[in-house]
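Q: I'd like a close look at one part of this protein. Could you walk me through it in plain terms?

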Amino acid sequence: MDEGGSLLSVNNYPVLDAGGSSIQIDSSAGPPVISQDGMISQNGIQAGAVGLFTIDPAARLSRARNSSVIPDIPASPVLDFTNNGIVQGMAEGSNVNPVLEMTRMITVSRSFESASNAIQSTEGSLQDAIKSLGATS
């Protein structure tokens, strides 16, 4: 929260409500508490709501600052919070197992190298055959 009461992200970007406006809270009313549906309250009084949006899977994304993305199709506000929500004080984790993915990458790399060696060996055999046939004629 800045001096003016704007709720900010860790990187000082304004946190927006469902309408896309910056959220203002009272800095003297105590710490904000954010529920799963995004409602912000201070001392039991509702102070605003965090906007939670979904991006259409067909949307093309372009990179923006700080590893964010901008869709070419406007995002839609989330209205059903049974499968989507907010958890205050948590950091989002990875959706992959890095050790397993590194193992898969090594396997694919070795398979590619093996196929490449087989192709080079075949090409070498063909070149030797062409040289032998050319020398005998």
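Q: Is N43 buried or exposed, and what is going on around it?

A: N43 is exposed: its relative accessible area is 62%, and the cut-off for that word is over 50%. Bear in mind that this is a predicted model. As for where N43 sits, look in the loop that runs between β2 and β3. Its backbone is worth a glance too, since phi is positive there, about 50°, even though N43 is not a glycine. For background, most residues other than glycine have a negative phi.

Now for the strands around that loop. β2 and β3 belong to an open sheet of three strands, ordered β1-β2-β3 and paired antiparallel. β1 (33–34) and β3 (45–49) are the edge strands, and each has a single partner strand, so one side of each has no neighbour in the sheet. On the β1 side, β2 covers residues 39–42 and pairs with β1 in the antiparallel sense through two bridges. If you want a spot to click on, try I34: its bridge partner in β2 is I40.

There's another asparagine to look at alongside N43. N12 also isn't a glycine, and its phi is positive, near 65°. You'll find N12 in the segment before β1. N12 is exposed as well, with a relative accessible area of 57%. To come back to your residue, N43 is an exposed position in the β2–β3 loop, with that positive phi of about 50°.

How values were computed
Residues numbered from 1 in each chain as written. Predicted model: local features only at pLDDT ≥ 70, side-chain atom pairs only at ≥ 80, totals over all residues. Heavy atoms only, no water. Pairing = 2+ DSSP bridges. Helix = DSSP H or I, 4+ residues; strand = E, 2+ residues; numbered from the N terminus. Buried < 20%, exposed > 50% of the residue type's maximum accessible area, 1.4 Å probe, protein only.
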